[in-house]
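Me: I'd like to learn how to read the packing in a model like this. Could you walk me through a few features?

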Amino acid sequence: MELSSRLEIARVDPAPAFNLNGLFVGSEGTLGIVTEATLKLAVLPENYSVAVVPFNTIHDAVLATTKVIRRGVPVAALELMDKTQMRIASEGGVTRPRVWQEKWTLFFKFSGSKLMLEEAIQNVKQVTEAYGSQVFEFACDEREQTLLWSARKESLYSLLALRKDSEEMWNTDVAVPLSHLADIIVTSKQEAAALGLNACVKGHVGDCNFHENFTYDGTRPEEYEKAKKAVKNMVQRAIDMEGTCTGEHDIGFGKKEALRQEVGNATISFMDK
């Protein structure tokens, strides 16, 4: 079945009827393929700002995240990077001359009116200080915004830049309820270390979604099997914690069995029909 943009499913009011947008996009191609799309452009916010806040532990960072969300503080983005990823950001050289603290770090992006920004920044600063952060660095101009956000924006490229010739990278993600986020990250990193894998974490913690990047020697089949095991176990943990096997990377070929574990055979059969 081929759909043209003239169907205009984006204009269907989701309140009194089915959310056709979510249904079609979430079907991952089983209901049809989008061949045309009409985009609506949003007005750019009047002001932006960025804040970078390091923490001593993942639990402190997640507790601060939870408090910010429950307070309803308006943030445009809320990202997390672990100590390993922060070290890689410095060593990769993409953000030079900036050198980052090797700590669990939250990245906040704010947008809106000047008054909204000031209020949001003060609220976040108050929360993060309550959970042990001793540094709260926010941008005062556009140049500082770019600099402070650069570690998060360039995180993947920094990691790729440090790979050796024979190394491969497996990048995957899951999502869990916020109350389980710290536990699954810690456990997954511990398993990767026990398997002898290099692993680092970054995530969209405002959406309870995180990515774990595994680096392994692609010339050694046993190393690939270790990475495969680590990914499989991380996915199973997410399902056991009432989360989902994928946050934004979709199912594809690699997580077909994980989807079956998550939703069951009856749901898969229904989608097949």
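Me: Thanks! To begin with, in which helix does serine 188 lie?

Reply: Happy to help, and keep in mind that this is a predicted model. Serine 188 belongs to helix H7.

Me: Is serine 188 buried or exposed?

Reply: The general idea is to look at relative accessible area, where anything under 20% counts as buried. Serine 188 has a value of 2%, so it is buried.

Me: What does the side chain of serine 188 make a polar contact with?

Reply: Here you look for N or O atoms within 3.5 Å of each other. The partner is the side chain of arginine 237, at 3.0 Å. If you set aside neighbours within four places in sequence, serine 188 is in contact with Glu212, Met234 and Arg237.

Me: How do the axes of H7 and H8 cross?

Reply: For a helix pair, check the approach of the axes and then the angle. Helix H7 (residues 178-194) and helix H8 (residues 221-240) have axes that come within 10 Å and cross at roughly 160°. An angle over 145 counts as roughly antiparallel, which means that H7 is roughly antiparallel to H8. The crossing of H7 past H8 is right-handed.

Me: Which residues in H7 and H8 meet?

Reply: On the H7 side they are Ile184, Thr187, Ser188 and Glu191, and on the H8 side Lys229, Ala230, Asn233, Met234, Arg237 and Ala238. By character, this contact of H7 with H8 comprises 4 nonpolar, 3 polar and 3 charged residues.

Me: What about alanine 182: is this residue buried or exposed?

Reply: Alanine 182 also has its place in helix H7. Its relative accessible area is 6%, so alanine 182 is buried.

Me: Which residues does alanine 182 touch, not counting those up to four places away in sequence?

Reply: The trick is to compare sequence with space. Alanine 182 touches Ile58, His59 and Val62. As for aspartate 60, it is 122 residues from alanine 182 in sequence, while their C-alpha atoms are 9.0 Å apart in space.

Me: Which residues are buried in helix H3?

Reply: In H3 (residues 83-92), the buried ones are Gln85, Met86, Ile88, Ala89 and Ser90. To read such a helix, also ask what covers it. The cover over these buried residues includes strands E4 (77-81), E5 (104-112), E8 (198-204) and E9 (209-217), along with helices H5 (142-153) and H6 (155-161).

Me: And what phi does glycine 93 take, just after H3?

Reply: Glycine 93 has a positive phi of about 85°.

How values were computed: Residues numbered from 1 in each chain as written. Predicted model: local features only at pLDDT ≥ 70, side-chain atom pairs only at ≥ 80, totals over all residues. Heavy atoms only, no water. Axes fitted to C-alpha atoms, helices over the stretch in contact; angles between N-to-C directions. Helix = DSSP H or I, 4+ residues; strand = E, 2+ residues; numbered from the N terminus. Parallel < 35°, antiparallel > 145°, perpendicular 65-115°, else oblique. Left-handed = near helix turned anticlockwise from the far one by under 90°. Contact = heavy atoms within 4.5 Å. Nonpolar A, V, L, I, M, F, W, Y, C, P; charged D, E, K, R; others polar. Buried < 20%, exposed > 50% of the residue type's maximum accessible area, 1.4 Å probe, protein only. Polar contact = N/O pair within 3.5 Å; in protein donor to acceptor, adjacent residues only side chain to side chain.
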